[in-house]
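Student: I would like to learn how to read a model like this one, feature by feature. Could we begin with a single residue and then widen the view?

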Amino acid sequence: MEYVVVAFRSRAHTVKFSEILKRNGLPNEIINTPKEAGVGCGLSVKVAKERFYAVKNLTFSVGLNSFAGFFLVSVKEGRRIVRSI
C-alpha cells in the first residue's frame, strides 16, 4: 500500500487544504504526520498516490505559505517507509 502525505507547519492550513481538496473533488483524510517525515505541525493530509499530480498542482496554486513537503508512504511487510518526493 502506498499513499502521499502533504505536510504543513500549520494545523489551520492543514484543515483548510483538506477542505480545498474536497471542494475540488479530491478525496483526502487528515492524519497524524508520520514521525519519519520529521516536519510539520503534527497533522497532514493523506491522498491517494494516483492523485499526486493534481494535488501537487493545487498545493502550489493556493499559496499556503506553511507548506512543508510531500512524502510517499509505503507499507511493506508491516514496516512503514517514508520518503520525500
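Student: Which residues is Ile30 in contact with, leaving aside its neighbours within four places in sequence?

Tutor: This is a predicted model, and in it Ile30 is in contact with Thr14, Val15, Ser18, Leu43 and Ser44 once the neighbours within four places in sequence are left aside. Ile30 itself is found in strand E2, and the C-alpha atoms of Ile30 and Thr14 are separated by 7.7 Å, although the two residues are 16 apart along the chain.

Student: Is Ile30 buried or exposed?

Tutor: Neither label applies, because burial requires a relative accessible area under 20% and exposure one over 50%; Ile30, with 35%, is partly exposed.

Student: Where does strand E2 sit in the sheet, and what is the order of the strands?

Tutor: A sheet is read by following which strand pairs with which, and here five strands form an open sheet in the order E2-E3-E1-E4-E5, with antiparallel pairing. Strand E2 (29–32) is an edge strand, as is strand E5 (79–84), each pairing on one side only. From one strand to the next the twist averages 35 degrees.

Student: How many bridges join E1 to E3, and which residue stands opposite Tyr3?

Tutor: Strand E1 (residues 2–8) and strand E3 (residues 43–48) run antiparallel and are joined by five bridges, with Tyr3 standing opposite Ala48 in E3.

Student: Which helices pack on the sheet, and at what angles?

Tutor: Helix H1 (residues 11–23) packs on the sheet and touches E1, E2 and E3, its direction making about 25 degrees with that of E3. Helix H2 (residues 52–62) also packs on the sheet, touching E1, E3 and strand E4 (67–76), and its direction makes about 165 degrees with that of E4.

Student: Which residues of H2 are buried, and why can they be said to line one face?

Tutor: The buried residues of H2 are Phe52, Val55, Leu58 and Thr59. Seen down the axis of H2, they fall within an arc of 130 degrees, and so they line one face of the helix. These buried residues pack against E1, H1, E3 and E4, whereas the face turned away from them carries the exposed residues Tyr53, Asn57, Phe60 and Ser61. Just after H2, Gly63 takes a positive phi of about 65 degrees.

Student: What does Ser66 do in the loop between H2 and E4, as far as its contacts show?

Tutor: A loop residue can be read by its accessible area and its partners together. Ser66 lies in the loop between H2 and E4, yet it is buried, because its relative accessible area of 9% falls under 20%. Its side chain makes a polar contact of 2.7 Å with that of His13. Beyond four places in sequence, Ser66 is in contact with Ala7, Phe8, Arg9, Ser10 and His13.

Student: And how is Gly40 placed, in which loop and in contact with which residues?

Tutor: Gly40 lies in the loop between E2 and E3 and is partly exposed, with a relative accessible area of 39%. Not counting residues up to four places away in sequence, Gly40 touches Phe8, Arg9 and Ala68. Gly40 and Ala68 are 28 residues apart in sequence, but their C-alpha atoms are 6.1 Å apart in space.

Student: How many residues lie between E4 and E5 in their hairpin?

Tutor: Two residues lie between E4 and E5, and in that turn Glu77 has a positive phi of about 55 degrees. The strands pair in the antiparallel sense over six bridges, and Leu72 stands opposite Arg83 in E5.

Methods. Residues numbered from 1 in each chain as written. Predicted model: local features only at pLDDT ≥ 70, side-chain atom pairs only at ≥ 80, totals over all residues. Heavy atoms only, no water. Pairing = 2+ DSSP bridges. Helix = DSSP H or I, 4+ residues; strand = E, 2+ residues; numbered from the N terminus. Axes fitted to C-alpha atoms, helices over the stretch in contact; angles between N-to-C directions. Contact = heavy atoms within 4.5 Å. Buried < 20%, exposed > 50% of the residue type's maximum accessible area, 1.4 Å probe, protein only. Polar contact = N/O pair within 3.5 Å; in protein donor to acceptor, adjacent residues only side chain to side chain. Arc of directions from axis to C-beta.
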